[in-house]
Amino acid sequence: MEQYFAVFTVIEYNTSRYEFNFFELSTPNGGLFMKITTVGCGNAFSKRNFNQCYMLDEGGRRLFVDFGSKIPDAMNHLGIDFKTIDDVYISHQHADHIGGLEELAFMRYDWVKRPQHYKEGKYAPRLIVNEVLMNDLWNKSLKGGLASMEGFDAVLETFFEPVPVRANEKFEWQGWTVALVQQIHAMTGSIIWPSFGLIFEKQGHPTVYFTTDSQHCSPRQIEVFYKKADIIFQDCELTGVNMKDRSMVFKSGVHASYAELAGFPSANAAVLSPEIKGKMWLSHYQDFYNEKKDFFGNPVDWDHEAATDGFKGFVQVGQEFEI
Ligand SMILES: [Zn+2]
């Protein structure tokens, strides 16, 4: 088996603050680690931190967790080549999670052979998606830009090898068992519009939980995953939070608010235990984090606040984790 050693490199971006998070474990498989690189950690409209996206490397294979509009630029910034992508997981259909897929498809397409099916061309990336979402991903989103190829109607399988994952089924990735955790991202009328988070488990390694996009309205339902995880990558919006008096004025309704996660009384939300908060890296945040302000313009040192409130901190573009 190919050995994979820890690499202690953090690429600085828009910040002088960076730190490592390294779990020192003697692993039964001879020191094989998964490296997680934060490709982006901004919200949908960020101009500084791209879109929330994590790149997982293990044993020579590479998986992206989401692939938003700004990810091609983030890859350019971090020096990541499209050719190195083996697998992409998509949590839901917002553009900040899928908007880079058209570019990925065209960048990886075999323009010499021009195949109608990926099997007739070069090696195509696998697209891992909840089976219900897979149809919508093509028919409601990707088809508009990818279907019209010169000479033929393209389909999803022209560009990707689809890997649909059924409800309550798991998939294996490089020895990790990966479960999809359905999150309430929005309530469209009386129907839940979900995002599917991921929890990675492997003997002898820390358990990692990516919430992707979630609200804080069901923390009791997802508490089992919060408790099971050793490290949590949590979406966290700063919009509508007044840090002068540490209150929640409003929330977007589609993400967990900092005020809810921190347990501000005005958020009127289920309060997380210090143990759970102590495992959380905050992600998917607005640019005024970098401007050291809150939504209302009050000066805030968000890193200091996050430390005070017991979080691991705000994850940074280029930040790496060895697990
Ligand atoms: Zn979303």
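What kind of unit do E4, helix H1 and E5 make? They make a right-handed β-α-β unit, with H1 covering residues 71-78. Keep in mind that this is a predicted model. Beyond that unit, there's an open sheet of seven strands to look at, plus a pair of helices, H3 and H4, that pack at an angle of about 45 degrees.

**Around the β-α-β unit**

- Start with strand E3 (residues 53-58), which pairs with strand E4 (residues 61-65) in the antiparallel sense, over five bridges.
- To find your place in that pairing, look for Met55, whose bridge partner in E4 is Phe64.
- Two residues sit between the strands in the hairpin of E3 and E4, and Gly59 there takes a positive phi near 55 degrees.
- E4 also pairs with strand E5 (residues 87-90), and here the strands run parallel, joined by three bridges.
- On that side, Val65 stands opposite Tyr89 of E5.
- So E4 has an antiparallel pairing with E3 and a parallel one with E5, and together with H1 and E5 it makes the right-handed unit from the opening question.

**The seven-strand sheet**

- Reading across the open sheet, the strand order is E10-E11-E12-E13-E14-E17-E18, and the pairing is mixed.
- The edges belong to strand E10 (170-173) and strand E18 (313-314); each has a single partner strand, so one side of each is left without a neighbour in the sheet.
- E10 and E11 run antiparallel and are joined by four bridges.
- Within that pair, Lys170 faces Ala179 of E11, standing opposite it.
- The hairpin of E10 and E11 has two residues between the strands, and Gln174 takes a positive phi near 50 degrees in it.
- Next along, strand E11 (residues 176-188) and strand E12 (residues 191-201) run antiparallel, with eleven bridges joining them.
- Two handy landmarks here are Leu180, whose bridge partner in E12 is Leu198, and Thr188, which stands opposite Ile191 in E12.
- The hairpin of E11 and E12 also has two residues between the strands, and in this one Gly189 takes a positive phi near 70 degrees.

**The H3-H4 helix pair**

- Helix H3 (residues 101-108) packs with helix H4 (residues 131-146) at an angle of about 45 degrees, and their axes are 10 Å apart.
- Because of that angle, H3 counts as oblique to H4.
- The crossing, as H3 passes H4, is right-handed.
- H3 brings Leu101, Glu102 and Ala105 to the contact, while H4 brings Leu142, Gly145 and Leu146.
- Sorted by character, the residues of that contact come out as four nonpolar, one polar and one charged.

Note on methods. Residues numbered from 1 in each chain as written. Predicted model: local features only at pLDDT ≥ 70, side-chain atom pairs only at ≥ 80, totals over all residues. Axes fitted to C-alpha atoms, helices over the stretch in contact; angles between N-to-C directions. Parallel < 35°, antiparallel > 145°, perpendicular 65-115°, else oblique. Left-handed = near helix turned anticlockwise from the far one by under 90°. Contact = placed C-beta atoms within 7 Å. Nonpolar A, V, L, I, M, F, W, Y, C, P; charged D, E, K, R; others polar. Pairing = 2+ DSSP bridges. Right-handed = clockwise from strand over helix to strand, strands pointing away.
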